[in-house]
Amino acid sequence: MFTIEHDFDATVITLIDEPEQAPLQGDVIITAFDDRVVLRQDEPDGDRYSEITLSARQLDELRAALNLPEGGYRLDRR
């Protein structure tokens, strides 16, 4: 399950783990700004979280990498 919310300056997507018979992972909250994307996952105990910030360029590279075979690449910025 996931939710999408539009705030004033960002889009917030929350990925909710719904396991059928597996241990729960913390929900993943993705906040997309104009120049960066922040991924945050709450720890199962609820007291801590992990956070990763990707620049817009890194996000473009990740998007491309999901559809390419193994290897090293550089995106052409024209």
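**Entry 1: strands S2 and S3**

I started with strand S2 (residues 11–15) and strand S3 (residues 28–32), which run antiparallel and are joined by five bridges. My rule for pairing was that DSSP finds at least two bridges between two strands. Strands here are DSSP runs of E with at least two residues, helices are runs of H or I with at least four, and both are numbered from the N terminus. I looked up one facing pair: Ile 13 stands opposite Ile 30 in S3.

A note on what I am looking at: this is a predicted model, where local features need pLDDT of at least 70 and side-chain atom pairs count only at pLDDT 80 or more, while totals for chains, interfaces and linings use all residues. Residues are numbered from 1 along each chain as its sequence is written, and side-chain values use heavy atoms, with hydrogens and water left out.

**Entry 2: the whole sheet**

Next I traced the full sheet. I found an open sheet of five strands in the order S1-S2-S3-S4-S5, with antiparallel pairing. Which strands stand at the edges? They are S1 (2–6) and S5 (49–55); each has a single partner strand, so one side of each is left without a neighbour in the sheet. On average, neighbouring strands of this sheet are turned by 15° against each other, direction ignored. For angles, axes are lines fitted to C-alpha atoms (for helices, over the stretch in contact), and values run from 0 to 180 degrees between N-to-C directions.

Then the helix: H1 (residues 56–65) packs on the sheet, touching strand S4 (36–42) and S5, and its direction makes about 95° with that of S5. Contact means heavy atoms within 4.5 Å.

I went on to the other pairings. S3 and S4 run antiparallel and are joined by five bridges, and a hairpin of three residues connects them. Ala 32 has Val 37 in S4 as its bridge partner. S4 and S5 pair in the antiparallel sense over seven bridges, with Gln 41 opposite Ser 50 in S5. Their hairpin has six residues between the strands, and there Gly 46 takes a positive phi near 85°.

**Entry 3: three residues in S2 and S3**

I checked burial next, with buried meaning under 20% relative accessible area, exposed over 50%, and partly exposed in between (1.4 Å probe, protein chains only).

Ile 30 lies in strand S3. Is Ile 30 buried or exposed? At 19% relative accessibility, Ile 30 counts as buried. Not counting residues up to four places away in sequence, Ile 30 touches residues including Val 12, Leu 15 and Leu 39. Ile 30 and Val 12 are 18 residues apart in sequence, yet 5.6 Å apart in space, C-alpha to C-alpha.

Thr 31 is also placed in S3, and it counts as buried at 16%. With the four nearest places in sequence left out, among its contacts are Ala 10, Arg 36 and Val 38.

Over in strand S2 I looked at Thr 14, which is buried at 14%. Leaving aside neighbours within four places in sequence, Thr 14 is in contact with Met 1, Phe 2, Thr 3, Asp 27, Val 28 and Ile 29.

**Entry 4: charges and rings**

How many salt bridges are there? I got four, taking a salt bridge as a side-chain nitrogen of Lys or Arg within 4 Å of a carboxyl oxygen of Asp or Glu.

Arg 36 forms one with Asp 35, the closest N and O atoms being 2.8 Å apart. Arg 36 is partly exposed at 32%, and Asp 35 is partly exposed at 48%. The charged end of Arg 36 also sits over the ring of Phe 33, 4.0 Å from its centre. That needs NZ of Lys or CZ of Arg within 6 Å of the ring centre and within 35 degrees of the ring normal.

Arg 40 pairs with Asp 42, with 3.5 Å between the closest N and O atoms. Arg 40 lies over the face of Tyr 49 too, at 3.5 Å from the ring centre. Tyr 49 is in strand S5 and counts as partly exposed at 44%.

My last salt bridge was Glu 61 with Arg 57, closest N and O atoms 3.5 Å apart. Both lie in helix H1, four residues apart, about one turn of the helix.
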